[in-house]
Amino acid sequence: MERQQRRAVGYLALLAVVVAGYTLAYQVGMLVFEGERVTLVHAFHIVIETVTTTGYGEDASRWDTAGILLLVDAMQLTGVLMLFLTLPLFVVPWVERRLEVEPPDSVALTDHVVVCGYTDRVAALIDELDAQTVDYVVVEPDREEAQELHEDGVTVVHGDAEDTAVLDAVDVRDARAVVLDASDETNATLALSVREVDEDVRVVGFVADPSRANYVRYAGADRVLSPHEILGRSLANKVTNAVTTEVGETVRLGDNFEVAEMPIQRGSALDGSTLGDSRVGEETGVNVIGLWTAGEFVAAPDRDRELDRSTILLVAGDDDALAALKARTLAESRAHDRGRVVVAGYGDTGTRVSEVLDENDVPHTVVDREDRPGVDVVGDVSEEETLAEAGLADASALLLALGDDAASVFATLVARENFPDVEILCRANDTRAEPRLYAAGAGYVLALATVSGRMLASTLLGEDVMSLDNQVDIVRTRAPAFVGQTLREAAIRERTGCTVVAVQRDGSVEPDPSPDFRLEDGDALVIAGTDDDIARFTDLADVRPGTP
């Protein structure tokens, strides 16, 4: 029974009890106070007239005693109160529902993405799809949730995706992919329903428990993603990049041209200098696309921008240039070692972090509250003694893979206060915790929903959209509106905020093209920017869905 129905039943029951009680009270009151006997039906009639405020009853001339007058006054007040109660509980919601624009029960789309369920990671996916002008529709079984999404501008259909008729209504047969983002059990059922409608459409699902991934595949999913595994690998790659001499994961744009992130260590040659004074581009050959500072991305930073341990450079260049810059981002004391890491939290994410660190031969110590295989130190990482026992004083980095954001914030404060030289990387379960973690002293924060949502977008959109697990995408796209113009004339950075990293022409790559580079028909631009920046570029460059 819906909430509104339960309210109505309760209200009617209360009304019946009140009217029955007053009917008996009036019959008895007339006999006791006025010495007159009235029938039950007559008493009921008088109560209805009084409670509904349509009149005070034809017996008014017979009321002489204080007792009966007080009873009638009570009935009048009760009627008014119940009338006021009726308005907000029933009348107002009824009027609001009549004024609401109901979410549609069908759409007419092609080459779109059908999303079954709505979560924070789906919200991140939608941002990516909007930036690439890819249509989508969310199928939401809860009417109120569907209504809220519809009012927020999300393309949504109210219906149960387990119903094949609903899948037909969202044109699954013409979709480029279907995303399953409900519970593990529901995702398996959804996969079966999708396959009943279309055997060929691509199906990508999520599982909270990685051990259940095979069952969702058996049900018909082409690929199954585990958010905790994705986040664990991403965190491990970030910490490996931060504490070792290796460049880490890159986005390769050509045979010898890549985009990479470069965290700056405390005490390195770049720590405390400005971008201009560091002469990064001149001395290493890289192109600085942008940088992150305390989680905020700055595209094309000016030369006066100060660099410190909270800065992560986003650069492009060949292997030699990236290696040269990497050497300058490392503190002298860590330039030749792999830096031990303390991993706090040994759940699904922490376990995956430990496995990837093992794969990369990065020494690490695992801390957890529970004593179980794989845990080296048992204790609370929000306590200085536990961190000291884990050897954080001699470690290069602390990686917090905790399941509670408040605990992560507090542990970050403790670690930053007592071990100021250590690099701190954090998992965030809620994107709203990211600014608090940066304020507490974290150097790098990855949110579970954001990382998994962007990974999903890369999976769906293919190799032309390359996510860096953060706020920025590297996108390979044509720009029909700019053909025949130089990059200076197109003014892409000024008009959209995107940076042109390279131009691909006839199978070759032109890295860091000059402002006088003239675009030709068939050129593919490699641009870097946030979702909003790329959306502006897509609109300005007249990019259409399916543009090769």
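Modeller: On a 1 Å grid over the protein atoms alone, a cavity is a set of points where a 1.4 Å probe fits but cannot get out. This is a predicted model, where local features need pLDDT of at least 70, side-chain atom pairs count only at pLDDT 80 or more, and totals for chains, interfaces and linings use all residues. Residues are numbered from 1 along each chain as its sequence is written, and side-chain values use heavy atoms, with hydrogens and water left out.

Colleague: Happy with that! How many cavities of 30 Å³ or more are there in the whole structure?

Modeller: The search finds 2. The largest has a volume of about 120 Å³, a volume being the space filled by probe spheres set on the points.

Colleague: What makes a residue part of the lining, and which are closest to the centre of the largest cavity?

Modeller: A lining residue has an atom within 4 Å of a point. Of the 13 that line the largest cavity, Ala 242, Pro 263, Ile 312, Gly 443 and Tyr 444 are closest to its centre. By class, the lining has 6 nonpolar, 3 polar and 4 charged residues; Gly counts as polar and Pro as nonpolar.

Colleague: Why is the set around Val 259 and Val 501 called a nonpolar core?

Modeller: Because its members are buried Ala, Val, Leu, Ile, Met, Phe, Trp, Tyr or Cys residues joined through side-chain atoms within 4.5 Å, buried meaning under 20% relative accessible area (1.4 Å probe, protein chains only). Val 259 and Val 501 touch the most other members of this largest core of 60 residues. Helix α17 (residues 448–461) gives the most to this core, 6 residues.

How values were computed
Buried < 20%, exposed > 50% of the residue type's maximum accessible area, 1.4 Å probe, protein only. Helix = DSSP H or I, 4+ residues; strand = E, 2+ residues; numbered from the N terminus. 1 Å grid on protein atoms, 1.4 Å probe; cavity = no way out; pocket = protein on both sides within 12 Å on 5 of 7 lines; lining within 4 Å.
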